[in-house]
Amino acid sequence: MNVIEPEAPPQALASAAYNAAVDLVSRNLVPGRAQKIAIFDDRGSYTYEELAARVDRAANAFRALGIAPEQRIALAVLDGIDFAACFLGAIKAGIVPIPLNTLFQAPDFAYILADSRAKALVVSHELADTLAEAARIAEWTGLVLLSGAEPPATARTLSLARECERAAATAEAAPTCGDDVCFWLYSSGSTGRPKGTIHVHTSMMQTAEMFAQNVLEIRESDTIYSAAKLFFAYGLGNALSFPMSVGATSVLFGGRPTPQAVSAILRERKPTVFCGVPTLYNSLLAYSDFPRADELSLRLCTSAGEALPEEVARAWTKRTGVEVVDGIGSTE
């Protein structure tokens, strides 16, 4: 397998019993947060209590289907509640989720299915044909769970919604430790074959505390929208672990982050934190129907992926009144 091992976390954390999904979910099942909106997506909104139930149902569904702890499950899922529930549900069950770049073509998916030796695949119905071709190329014969539509009548393809509905709404957490494997993320393949990077259970909360809380000062009252998708490390932090670490609300959008789509989200969902990349900031500035400053609720913006050009940062602040925290370079 083409994987990169992580650096070991501090020994005190590594040896302790710890499950990342339990930490991220349970800290929000407290008075004042449990009924708070955790996620907006294209289909609706979900409280932290509802998210917790979906996570547990996914964990129980995966177990009932015979997926064992430490086995891998690939997620070719568009941003939305099903991604969050399946990603965290797998982690709670001790199963290792692998978010896949939904922009990949069938040969790329085929390589990762073979390289990761995934036991099962969760796929959005919009991507089902591409993943079916990938499975054929890779000669991969694992179990498929279809999200967002009824599956064809085949023995290997099941309905994610139906399997989760029949599963119990409370699940026991797997007995994981801080340095146990939590999830994999594959690189883009721009410098050769995609490489699977292994992340341990402590990774998500450590980055949330060190960057989101200490640098960005993300707080419970924030609504966060990340144009970067959940299959990216940048998007996974921005839209999942960062908001959940403080009980904030995340806006998930399954479509492409075009200037038109992003502008609509900024107007309608009123995020207080927006996470983008330099090319998108530049495109938004050039978009004729970009929201006026008085239509926005932003207090903070972030950029990553590549260094943010100084002129783009200045133009954005002049247009919106909000500075951009550049995670790669300096705008000073």
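E217 sits in the loop that runs between helix 8 (203-213) and strand 11 (223-226), and in this predicted model its phi is near 55°, a positive value in a residue other than glycine. A positive phi of about 55° is also found at R117, again not a glycine, and this residue belongs to the loop between helix 5 (106-116) and strand 6 (120-124). The points below take up loop residues, a parallel sheet, aromatic pairs and the largest pocket.

**Loop residues**

- R117 has a relative accessible area of 56% and is therefore classed as exposed, the threshold for that class being over 50%.
- N28, which is placed in the loop between helix 2 (20-26) and strand 2 (37-40), counts as buried because its relative accessibility is 0%.
- When neighbours within four places in sequence are left aside, the contacts of N28 are R33, A34, Y48, M244, V246 and G247.

**The parallel sheet and helix 6**

- An open sheet is formed by five strands in the order 5-4-6-7-8, with parallel pairing, and its edges are strand 5 (96-99) and strand 8 (157-159), each of which pairs on one side only.
- On average, and with direction ignored, neighbouring strands of this sheet are turned by 25° against each other.
- Strand 6 and strand 7 (residues 143-147) run parallel and are joined by five bridges, and V123 stands opposite L146 in strand 7.
- Helix 6 (residues 128-138) packs on the sheet, where it touches strand 4 (72-76), strand 6 and strand 7, and the direction of helix 6 makes about 150° with that of strand 6.

**Aromatic pairs**

- A search of the whole structure yields eleven aromatic pairs, one of which is the edge-to-face pair of F104 and F109, with 5.9 Å from centre to centre and 75° between the planes.
- Both partners of that pair are buried: F104 has a relative accessible area of 10%, while the value for F109 is 1%.
- The rings of F274 and W316 have their centres 6.3 Å apart and their planes at 25°, so this pair is stacked, given that planes under 30 degrees apart fall into that class.
- The F274 and W316 pair links distant parts of the chain, since F274 belongs to strand 13 (residues 273-276) and W316 to helix 12 (residues 310-320), with their positions 42 residues apart in the numbering.
- F274 counts as buried at 0% relative accessibility, and W316 likewise counts as buried at 0%.
- F274 and W316 are also members of a cluster linked by ring pairs, together with Y225, Y281 and F290.

**The largest pocket**

- The largest pocket holds about 1100 Å³ of space, and of the 50 residues that line it, those closest to its centre are A228, K229, F232, A233 and Y234.
- Elements that give two or more residues to the lining of the largest pocket are strand 9 (181-186), strand 10 (196-200), helix 8, helix 9 (233-246), strand 13, helix 11 (278-286) and strand 14 (300-303).
- Helix 9 provides the largest share of this lining, with seven residues.

Conventions: Residues numbered from 1 in each chain as written. Predicted model: local features only at pLDDT ≥ 70, side-chain atom pairs only at ≥ 80, totals over all residues. Heavy atoms only, no water. Helix = DSSP H or I, 4+ residues; strand = E, 2+ residues; numbered from the N terminus. Buried < 20%, exposed > 50% of the residue type's maximum accessible area, 1.4 Å probe, protein only. Contact = heavy atoms within 4.5 Å. Pairing = 2+ DSSP bridges. Axes fitted to C-alpha atoms, helices over the stretch in contact; angles between N-to-C directions. Phe/Tyr/Trp six-rings, centres within 6.5 Å; stacked < 30°, edge-to-face > 60°. 1 Å grid on protein atoms, 1.4 Å probe; cavity = no way out; pocket = protein on both sides within 12 Å on 5 of 7 lines; lining within 4 Å. Points joined across faces, edges and corners; volume = space filled by probe spheres on them.
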